[in-house]
Amino acid sequence: MAQADRILEFLQRLTPLTRSCLLTELERLDGCGVEMPGSADILGKLRAEFRKDGSTQNRTNTPSRSFFTPLEPFLLDGAPEHDNSGRIPRGSLAPIWEWIGRDLLPTMTRDFNTQMKELIAAEKHREARQVASAFQTKVVKSLESTLGGSDAAQQIRAKLAAYTASRSAYGDLVKMTCVLRARDALAKFDEQLPKQMSKFDDVMVGKVVGLLNAFRKKHAEAVPFAITLIANRLKVPWQMIRLATKAAPTKKAADVAATPYAVAVSMVLDRIDDNRAALRIALRNNRVLVAKELLADIYDTEYALRVRIDRLEPSEWGVRLRELMDAIAALVEAEVKRFPDEVGHVLGSRRLRSHQSLTGRLTYLAWKGRDAITDGAAFCMKLIA
């Protein structure tokens with residue numbers, strides 16, 4: 001029997017739910033860059049069944065997607081290998097939805113699906129949003145009760161394991177609960193933010209921090225998600241570290257870590273980690289230009305962290321940054337060594353890490369001299385504007 005026939009026979013023995021979960025899990029692993037020999041045929045057959053439009057992700061308007069709408073600004077494609085503050089992997093939604101429908105609230109979920117399918121088919125969008133909001137509230141209340149149990153975490157992890165091998169699923173469920181609980185406040189906060197923030201200067205930082213302070217008073221646990229909304233509006237995402245550095249009395253890492261929004265620095269490190277994983281996948285697939293863009297962003301972010309935070313190296317942030325950059329250096333070195341020395345490689349170019357432009361030098365001097373010369377940064381930024 002040919003391999004394709006054996007695969008088809010195997011898939012036909014599975015239930016539709018199992019096949020759907022298998023598709024989600026294979027896509028999650030593929031997003032991680034995990035090599036799975038023979039998976040292409042399985043993915044092709046499963047996508048033909050569950051992705052009628054030919055897409056590689058389930059993005060059609062379904063009851064589950066309507067339920068997860070408040071999470072959209074915080075979703076990460078792919079499957080990160082670490083916990084992301086303020087972010088939720090898209091691949092975790094399907095197994096969480098299966099758990100809600102089969103274990104947490106099976107009857108309510110069945111009724112919700114039936115009602116939502118009718119409203120979606122009739123294009124009654126307003127009514128559909130109202131029904132989705134009501135069900136979100138029911139799920140949050142049930143989760144708050146369920147998660148409060150002494151053995152809840154272990155039991156829920158065991159249940160989720162039936163739908164995904166991802167170890168982050170339980171943590172993602174907790175984060176989902178946080179977002180749904182604060183969904184109205186997060187939506188209002190998002191509306192109050194400037195539409196675009198091409199320059200995250202002192203004036204803009206002050207305005208955004210004022211909004212963030214008001215939000216934090218009532219929804220402290222959702223602050224990382226509010227910071228994600230800010231990062232989504234920034235032209236240069238690593239600039240979110242200014243939420244922490246601006247509030248610190250000095251630029252020392254210990255002082256920055258003591259500010260209310262120190263998590264912004266960790267979130268920038270999360271971004272480097274995600275780019276590291278994406279870099280590995282790009283190199284594995286010989287997508288050198290994509291790898292170059294990722295590497296340039298990584299180096300720019302590393303430079304910004306080292307320039308804007310003093311005594312970073314011995315701090316927890318500094319240790320994590322060093323480990324990340326060592327791992328990235330190993331990836332680049334392995335790639336460059338594939339080519340003869342006389343050929344060279346674009347990723348081995350010193351220009352990727354050089355910050356010797358006029359803008360780079362002035363920015364460096366401005367930030368390094370900020371404590372000694374009050375208006376130094378503003379003066380230098382005028383020069384490069």
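What follows is a chat between a biologist and a modeller about reading this predicted model.

Biologist: Before I look at any detail, what average pLDDT does the protein chain have?

Modeller: Good place to start. Where pLDDT is low, the predicted coordinates should not be read in detail. Here the protein chain averages a pLDDT of 84, and 82% of the residues score at least 70.

Biologist: And where does pLDDT stay under 50?

Modeller: Over residues 355-385. The model has 31 contacts beyond four places in sequence for that stretch, but I'd leave the details there alone.

Biologist: Fine. Let's take a helix. How many residues does helix 6 have, and how far does it reach?

Modeller: Helix 6 runs over residues 106-121, so to speak 16 residues in total. From its first C-alpha to its last it reaches 23 Å, close to the 22 Å expected at 1.5 Å a residue.

Biologist: Which residues of helix 6 are buried?

Modeller: For burial, look at relative accessible area: under 20% counts as buried. In helix 6 that gives you T109, F112, N113, M116, L119 and I120. They cover an arc of only 140° around the axis, so they sit on the same side of helix 6. Turn to the other side and you find K117, E118 and A121 exposed.

Biologist: What covers the buried residues of helix 6?

Modeller: The cover includes helix 4 (63-67), helix 5 (93-104) and helix 7. And just as you leave helix 6, have a look at E123, which follows the helix and has a positive phi, near 55°.

Biologist: Can you show me one residue from helix 4? Say S66: what does it touch?

Modeller: S66 is in helix 4, and it is buried, at a relative accessible area of 14%. Not counting residues up to four places away in sequence, S66 touches N61, M116, I120, A132 and Q136. You've met two of those names already: M116 and I120 are among the buried residues of helix 6. A132 and Q136 turn up in the buried set of helix 7.

Biologist: Then on to helix 7. How many residues does it have, and which are its buried residues?

Modeller: Helix 7 has 23 residues and spans 32 Å from first C-alpha to last, close to the 33 Å expected at 1.5 Å a residue. Its buried residues are A128, V131, A132, F135, Q136, V139, V140, S142 and L143. They pack against helix 4, helix 5, helix 6, helix 9 (169-181) and helix 10 (183-192).

Biologist: There's a serine in that list. Is S142 buried or exposed?

Modeller: S142 is buried, with a relative accessible area of 16%. Leaving aside neighbours within four places in sequence, S142 is in contact with L104 and L105.

Biologist: What about L26, in helix 2: which residues does L26 touch?

Modeller: Helix 2 covers residues 16-31, and L26 is buried there at 10% relative accessible area. Beyond residues up to four places away in sequence, L26 touches M36, I42, L43 and L46. Sequence distance can mislead you, too: L26 and T164 are 138 residues apart along the chain, yet their C-alpha atoms are separated by 9.7 Å.

Biologist: Now charges. How many salt bridges does the count come to?

Modeller: Side chains of opposite charge can pair when their charged atoms come close. In this model the count comes to 16 salt bridges.

Biologist: With which residues does D202 form a salt bridge?

Modeller: One is R242, with the closest N and O atoms 2.4 Å apart. D202 lies in helix 11 (residues 202-218) and R242 in helix 13 (residues 242-245), so the pair ties together parts that are 40 residues apart in sequence. D202 is partly exposed, at 42% relative accessibility, whereas R242 is buried, at 8%. D202 also forms a salt bridge with K246, the closest N and O atoms being 3.5 Å apart. That pair links distant parts of the chain as well, with K246 in the loop between helix 13 and helix 14 (253-257), 44 residues from D202. K246 is partly exposed, at 39% relative accessibility.

Biologist: How far apart are the closest N and O atoms of E313 and R322?

Modeller: They are 2.6 Å apart in that salt bridge. E313 is partly exposed, with a relative accessible area of 33%, and R322 counts as partly exposed at 32%. Elsewhere, salt bridges that share partners join D270, D273, R276 and R320 into one network.

Definitions and conventions
Residues are numbered from 1 along each chain as its sequence is written. This is a predicted model: local features need pLDDT of at least 70, side-chain atom pairs count only at pLDDT 80 or more; totals for chains, interfaces and linings use all residues. Side-chain values use heavy atoms; hydrogens and water are left out. Buried means under 20% relative accessible area, exposed over 50%, partly exposed in between (1.4 Å probe, protein chains only). Contact means heavy atoms within 4.5 Å. Helices (H or I, at least four residues) and strands (E, at least two) are DSSP runs, numbered from the N terminus. The expected span of a helix is 1.5 Å times one less than its number of residues. The arc is that of the directions from the helix axis to the C-beta atoms. pLDDT is the predictor's confidence in each residue, from 0 to 100. A salt bridge is a side-chain nitrogen of Lys or Arg within 4 Å of a carboxyl oxygen of Asp or Glu.
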